[in-house]
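Biologist: I'd like a close look at one part of this model, chain A. Could you walk me through how the chain is built, how its pieces meet, and how it sits against its neighbours?

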Amino acid sequence: MSLWHGGDYNPEQWDPAVWKEDVELMRRAGVNLVTVGVFSWSSLEPAPGEYDFGWLDQVLDLLHDGGISVDLATPTASPPPWFSRLHPEALPVTADGVRLTHGSRDTYCVCAPGYRTAARGIARELAGRYHDHPALAMWHVHNEYGTTCYCDLAAVRFREWLRTRYGSLDRLNEAWTTAFWSQGYADWTDIEPPRKTQYLVNPTQYLDYRRFWSDELLAAFLEQKAELRAVSELPVTTNFVFGGWVPVNHAQWAAEVDVVAIDHYPDQAGSGAEEQTAFGADLARGWSGGKPWLLMEQAAGGLNDGRRWHTKEPGRMARNSLSHIARGSRGALFFQWRASRGGAEMYHSAMVPHAGPDSRRFTEIVDLGSVLPRLAEVAESNVVADVAILWDVECWWAMQGTHLPSSSLDYLAAVRSAHRHFWHAGETVDFAAPDADLSSYRLVVVPSLYLISDAAAACLAAYVEAGGQLVVGYFSGIVDTELRVRLGGYPGALTELLGVRVEEFHPLPDDGSVALSSGGHGRLWSEHLHAVSAEVVDRYAGGVLDGEPAITRHDVGAGTAWYVSTELDDNTAARLLGLSRSSLETVRRRTGETTWTFLINHGEQEVIAPVEGVELVTGARVDGELAVPAGGYAVVRSA
Amino acid sequence: MSLWHGGDYNPEQWDPAVWKEDVELMRRAGVNLVTVGVFSWSSLEPAPGEYDFGWLDQVLDLLHDGGISVDLATPTASPPPWFSRLHPEALPVTADGVRLTHGSRDTYCVCAPGYRTAARGIARELAGRYHDHPALAMWHVHNEYGTTCYCDLAAVRFREWLRTRYGSLDRLNEAWTTAFWSQGYADWTDIEPPRKTQYLVNPTQYLDYRRFWSDELLAAFLEQKAELRAVSELPVTTNFVFGGWVPVNHAQWAAEVDVVAIDHYPDQAGSGAEEQTAFGADLARGWSGGKPWLLMEQAAGGLNDGRRWHTKEPGRMARNSLSHIARGSRGALFFQWRASRGGAEMYHSAMVPHAGPDSRRFTEIVDLGSVLPRLAEVAESNVVADVAILWDVECWWAMQGTHLPSSSLDYLAAVRSAHRHFWHAGETVDFAAPDADLSSYRLVVVPSLYLISDAAAACLAAYVEAGGQLVVGYFSGIVDTELRVRLGGYPGALTELLGVRVEEFHPLPDDGSVALSSGGHGRLWSEHLHAVSAEVVDRYAGGVLDGEPAITRHDVGAGTAWYVSTELDDNTAARLLGLSRSSLETVRRRTGETTWTFLINHGEQEVIAPVEGVELVTGARVDGELAVPAGGYAVVRSA
Amino acid sequence: MSLWHGGDYNPEQWDPAVWKEDVELMRRAGVNLVTVGVFSWSSLEPAPGEYDFGWLDQVLDLLHDGGISVDLATPTASPPPWFSRLHPEALPVTADGVRLTHGSRDTYCVCAPGYRTAARGIARELAGRYHDHPALAMWHVHNEYGTTCYCDLAAVRFREWLRTRYGSLDRLNEAWTTAFWSQGYADWTDIEPPRKTQYLVNPTQYLDYRRFWSDELLAAFLEQKAELRAVSELPVTTNFVFGGWVPVNHAQWAAEVDVVAIDHYPDQAGSGAEEQTAFGADLARGWSGGKPWLLMEQAAGGLNDGRRWHTKEPGRMARNSLSHIARGSRGALFFQWRASRGGAEMYHSAMVPHAGPDSRRFTEIVDLGSVLPRLAEVAESNVVADVAILWDVECWWAMQGTHLPSSSLDYLAAVRSAHRHFWHAGETVDFAAPDADLSSYRLVVVPSLYLISDAAAACLAAYVEAGGQLVVGYFSGIVDTELRVRLGGYPGALTELLGVRVEEFHPLPDDGSVALSSGGHGRLWSEHLHAVSAEVVDRYAGGVLDGEPAITRHDVGAGTAWYVSTELDDNTAARLLGLSRSSLETVRRRTGETTWTFLINHGEQEVIAPVEGVELVTGARVDGELAVPAGGYAVVRSA
């Protein structure tokens, strides 16, 4: 088993003369896997039905001759201009009715039958031609499933999906609470996607559209996968993308891919990017059910905050790559091999920059390529974590609606905040689904789980009963999966487990805070909380809630359930969770009796780590202590 | 006569089992009026022409049995989805041409004949069925008339309205100054609503569209009112709504309703909400011509600033309710009785919160219900005020155009600022229309009356001549009702009365200010002002206007007219108006020889008020002095 | 030869009785040129084919009788409403598909054949009727060519333009790098304007649309010019407008007008407006190839920052007018003569304000009118400058795309910054095109010339070789005219000339900066720079680039080429350029042996200037020294 090193390779942008140099440079850099074809549709089928595979044959042969494996992509994320001419009905429509035009990428609606047929067609062509090419290692369907659309074709599919989900209009009307604002549906055809309307949209309609869209994208993926599987047994994947807008239920999709693969572009510079790296990697491992996964894309040289590229400092790219691998990635791949000469992403940083191989950027790629083989033995091992944070994309979608009591409520921010507390202590956590088996965890943290199913609530109760330690954050347990409030007092589904009852929310202004009697403070949110059968751990001090409970604990069965009714400052949170600061990212992986300890020093001081064994990069023996230099890293195998 | 206590009741959202508990809880809370049916169209007419009145029959009977009166609403503010299917032409269109879809509320264009027919139809059905139901106390047409539309059907109606207003295109071309930018109209059909265009819109076209729209909404209201009046003599109202966007000329509409009713949702937290409460209540009384009116909706538990709900502190809901009643409301009603389980406004605070009746929220509602009957005797009395502030919605609309010399000019802010000066002194003011009879007032304040008719100018002159004290603010008197500048020097229509002439405006930057020789300062705006026949009261000190007049006074006949050419700081304004600070909101009402004094203490200290008589809440005798505790209130009757 | 004084005159907004007063006031103010007809289409052709020239005959006769010349405009920038009724297809469409309506100005698409025919038609009518009117001095085509459109008619023209530019789709696909994101075009009809699309647009498509649009507007201009030229030999111009959005390649257009004319509305208050005045005037002179040009419009009384009018302080209007004239304008004209009574720009400041002639505003206009004749002798002289800054609108357009490595890169800001350094020293610079003959300049400054043609690069090399001093700013030389990166290291086309190689960009955050070893600092941007054959002048100090070169110099032939890899603070830039501060704007003009020195004191202190000759305003003899008072100006002729 080896670790993958390489990235997206787009030879169609370059003269064939460059291809030879590419393979030579790839070999120098130890590249062993490249993704080919992601944006090649117009090169492979320049006019409708006219195929040109010659160049791709040549590229695959060249790569194979160079010993480089290929992850071959279906190019369906970017249909050629002629497709839009033949299928104007497949151009996407925004929520306010603008039909987009070709001229970027991803200009299709996945609900358009014409698109689906064309996508299956090109996938079939590729599968037929290359399924037994010796370079082929993996299939890569599409790219970053992520578009959305509100066209009439999407409306038709949405209605079918709703009919399946609800069976009857009565059930739908109840689930959507259409009695409010006179929205009762008398006919399935009256239902529209949540397009631009006069005022606030129905929140369940909004949530169901998000659910529907993930399912529809998945159906499109599965159609292509079926074409590939028909002729090939190689693993099939697609690259998940995660950002402020996520149209896909990754946890659900993970069951349908042979390898969970993610693209990861942190959008903060500085240490924020490191937190995001760990966060994304842990999420990917969560989706993958703890199994190894694959970092399919990262940027070699920069972090883009949406306004500019922050160039990665020397060493950062390697540390970030190691962090991904430590947390379960089967390698470190990049977008893209060679920086484009033109086009919309010509300044997207690449493995070979505009300056060419004579550059720090390429040198670091070569260095990474020399290190990875020495770490190959970790590839199949498991990451060790005894803490889990719950993550549920449906809850996030639910909280992206416009109906909440405070627009500052932010599910992603709440989960990131929980993860950050452990990150700052250098500790590794897993992400788990709300209805997962949590019994292996010492501690489970539940940030703002606004939407919760009955099953998930039962699951949490069982976990505590059996001895688990559960910490539940504010604004949890409020609604069921149809966004209907669980009445009688918040946190609805969890009141009994937590032994509390919340009478009323007290949202805080963005620049406000509320003191706690322990000396810390809360931000963003507070609640008028009653400790019904719980013990009070901390209280609000001052303000309208002066003296009322803020944090409670409730012993249940063999375990304990805490409730935290505000967003805690970092120190208070760390104290509650029993954490202390460390700049050393420490991740342990294990197979049988063997443990590998990844030590990545993000600080500006050397750190001495207590560890024993063999350091894999240097091969040196470590006797109980290892000094990890500032900005450095080490991987130690202990028998 | 009693005071109304209650709110919007939406039983269609709940199981019939809940209805019985509702009536029981209403009785406990002393509720005596509920508004039913506002959003019931799809429940009453689930499919076109298929009516289901059974549930409403049952609800009205239950309420009547519980001794609770009903304000029955026509549900026309939210047509059912099937209506949009049958009348796609009635879906509203934005100024940039987006046709909205169903999925919220208010998705109709009031100019669509299909909508008007349907609205009259459902009103007729309701009137026919319930006109003699014993629970019925009032009719409530529609809800918060407030939508706008730019569709072709609206264009047709707009042209008809213009033809009526102007008679000829020559007159319209002159009024709109179409000679500028080559906009001369040669045909009525060339005229469009002020849709999205290349650059700045014609300001008079914009203003006329606002006027037209108010008239068109009024016509729609009157059609429904006629249906109700045909079979019932009960009072008919509609709930006015007031915010940053007001499509309705309330002063004009007031003549057409039997009771002026308002919904009031202050959008600031803290003391701002209290100022807004007084402001809205005084405006409602002004529209009502001084007669009692009705607070139809307020939020029981929160203040929504557009980003979050700020939960009302203990006691605030009662103080706000009392403030409304002090200023003329016939009661204190709420939206809504029971917090929705789902839907877009599930977190809109309610009389019965999600936590249920076992909550501070509901307890406060019950407390209020116990107090109101003791205050019933004030219901028909008049509010006493000897100061008026002018308010003119047309002036506001005019200043919402894009043509002004400074985008920081803000009519509403200027009027609020004037009102705030009196509020901070605990004094009560009336709002009056510019052409009203002002003779009963000691003092009249005119904030930024940019647009002024000849009649209004004459009215102000007559007021001063007869002995009135008039304070006119900057940027007043500039244009006539067609937005044509009154030439020769600002403030145009008022130069003679004020004895001044403004040569040029000097707008100030948002973060700038200009010192005054008195020690105060001005913000936002200044003017190059000449005291032609007026006396200079204060001067600019420093800056380009150094030494020039800033405030003037002019004795005219038996009265005096002041001019203030900048936005004064609060202290300077208070000094000019002879006001001093008080945290005690004091409002007097009178009938014949009887005076009722409302005392509401918004401060954090007890206040001693000089008052004599009987305190109505406690029934205690007051001998010359009453201590009103911090956050408390009292109502004292003096013979 | 005289200097022009006057402005836009829109008599159609006023009663004929006012016209007589206008001419009388114009005479009092020394007005000698007015622009008539800019917005007169609906007055001249109130209905299709029905002309009314009577009023214009009368106006022109009145002006001629008053000795006032006329710049007669074709009114094609604002077609009448009836035109839009007859040609709905000519209403412009935004990038997201909104078709605009009439109701402002400029609501036409210049690609609509119906519009082009109508525009030629009204131009022909005017030419035929007035070509020999004795008042006529100049033709003024259209107004501020500046609209854009994305309609289907524009798409057709765009494709024609592309076909001419590229000849084949293969060439276009290469130029646009369509191999990226699968955008390869198989048919010309697949190409669209850069309308709203899913994600980032193709940057070369975007740039070509800007180029195309300038060419299309120019074609429309030339059609009208041909109509006028057919019957008249008088000069033909159009008024260029310059702001954040500039759809026209002025340098290219300048070859087609008989007089370069600009409208100039600085959008900053305070000293920023003075810098902008000099900047705009120098640009106009650059477009005009150094020849005198004409300030066609400025605002008499205010500076509009987009949010408000900042009233010009006493004396500022005169200083701004003199600054324009010093820098080559043949006069100082205004928009507009008389402030409108109504319409969208009623508060646009004017020569005769709403207050009337009895005003400081008009008095200053009269004063200016008395000064200008004394300066007439400068009209044909040349401005003296030995420094040039390069300016290229195509580079600006290229940098307005969305593909750059930092969205804070701003071509206009970079050029303004370079110009400001000289402005603050009171020194005059020229603007030159990148491929101009630069041999007459001592120094040439090249701010962020991102896009550079091979020819321009060769031109700069030749300039240095022959002894020139060249200072090149960061982010220069990167791409060719098709936006394809020049590979191997930045600044691509200039690496050899500068003797440097940039390996990687290091964009800085907006609030960040990087220290320099000289003590100054850089903002916005930095680069990993190697001094290959250049000498290091300054280095980065601290941060990731600590110790790396920041500024270099390279001796080449008889000259020197500097490279500056960051945005320097003002002091460091001034030191590098050998400049020192002065509040005295000094501009020299020359004809043969005669020199005129304009001295404009923008400071708050008197400045003594070393100058000798005759001061033209006062006629006084100056013997070696002249005291220019704070806010004052002087013009000294030296033999």
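Modeller: A quick word on terms before we start: helices here are DSSP runs (H or I) of at least four residues, strands are DSSP runs (E) of at least two, and both are numbered from the N terminus. Also keep in mind that this is a predicted model.

Counted that way, chain A has 17 helices and 31 strands. Its C-alpha trace spans about 75 × 75 × 40 Å along the principal axes. With 639 residues, a compact globule would have a radius of gyration near 26 Å, and chain A agrees because its own value is 26 Å. As for how much is tucked away, 59% of the 639 residues of chain A count as buried. Contacts across the sequence matter for the picture too: in chain A, among contacts with a separation of 6 or more, 71% are between residues 24 or more positions apart.

Now for the pieces. The domain assignment splits chain A into domain 1 (4-147 + 233-377), domain 2 (387-577) and domain 3 (584-638). Domain 1 of chain A is thus written as two segments, 4-147 and 233-377.

Let's look at where domain 1 of chain A meets domain 2 of chain A. Their C-alpha centres lie 37 Å apart, and 11 residues of domain 1 of chain A are in contact with 11 residues of domain 2 of chain A. On the domain 1 side, the elements giving two or more residues are helix H9 (250-253) and helix H10 (271-287) of chain A. H10(A) gives the most to that side, with 7 residues. By class, the domain 1 side of this contact divides into 5 nonpolar, 3 polar and 3 charged residues.

The UniProt record has something to say about the other two domains. An unreviewed entry lists "domain: Beta-galactosidase trimerisation" for residues 385-578 of chain A. In the model, that span is 23% helix and 30% strand, and its end C-alpha atoms lie 15 Å apart. Further along, UniProt (again an unreviewed entry) lists "domain: Beta-galactosidase C-terminal" for residues 584-637 of chain A. Here the make-up is 0% helix and 63% strand, with the end C-alpha atoms 17 Å apart.

Then there are the neighbours. Chain A superposes on chain C by a rotation of 120° with 0.0 Å of shift along its axis, at an RMSD of 0.0 Å. That is the relation of a three-fold axis. If you want to find the axis on screen, go to A:Val98: of the residues of chain A, A:Val98 comes closest to the rotation axis, at 4.9 Å (C-alpha).

Where chain A touches chain C, 49 residues of chain A are in contact with 45 residues of chain C. Four elements of chain A each supply at least two residues of that side: helix H2 (41-44), helix H4 (81-86), strand S10 (309-311) and helix H12 (360-371). The chain A side divides into 17 nonpolar, 20 polar and 12 charged residues.

Swing round to the contact between chain C and chain B, and you'll find 49 residues from chain C and 45 residues from chain B. On the chain C side, at least two residues each come from helix H2 (41-44), helix H4 (81-86), strand S10 (309-311) and helix H12 (360-371) of chain C. By class, this side of chain C has 17 nonpolar, 20 polar and 12 charged residues.

Key: Residues numbered from 1 in each chain as written. Chains lettered and ligands numbered in written order. Predicted model: local features only at pLDDT ≥ 70, side-chain atom pairs only at ≥ 80, totals over all residues. Rg over C-alpha atoms; globule rule 2.2 N^0.38 Å. Buried ≥ 20, exposed ≤ 12 C-beta atoms within 10 Å, placed from the backbone. Contact = placed C-beta atoms within 7 Å. Nonpolar A, V, L, I, M, F, W, Y, C, P; charged D, E, K, R; others polar. Domains from an automatic or database assignment. UniProt positions renumbered as here; feature names shortened; annotations may be inferred. Least-squares fit on C-alpha atoms with pLDDT ≥ 70 in both.
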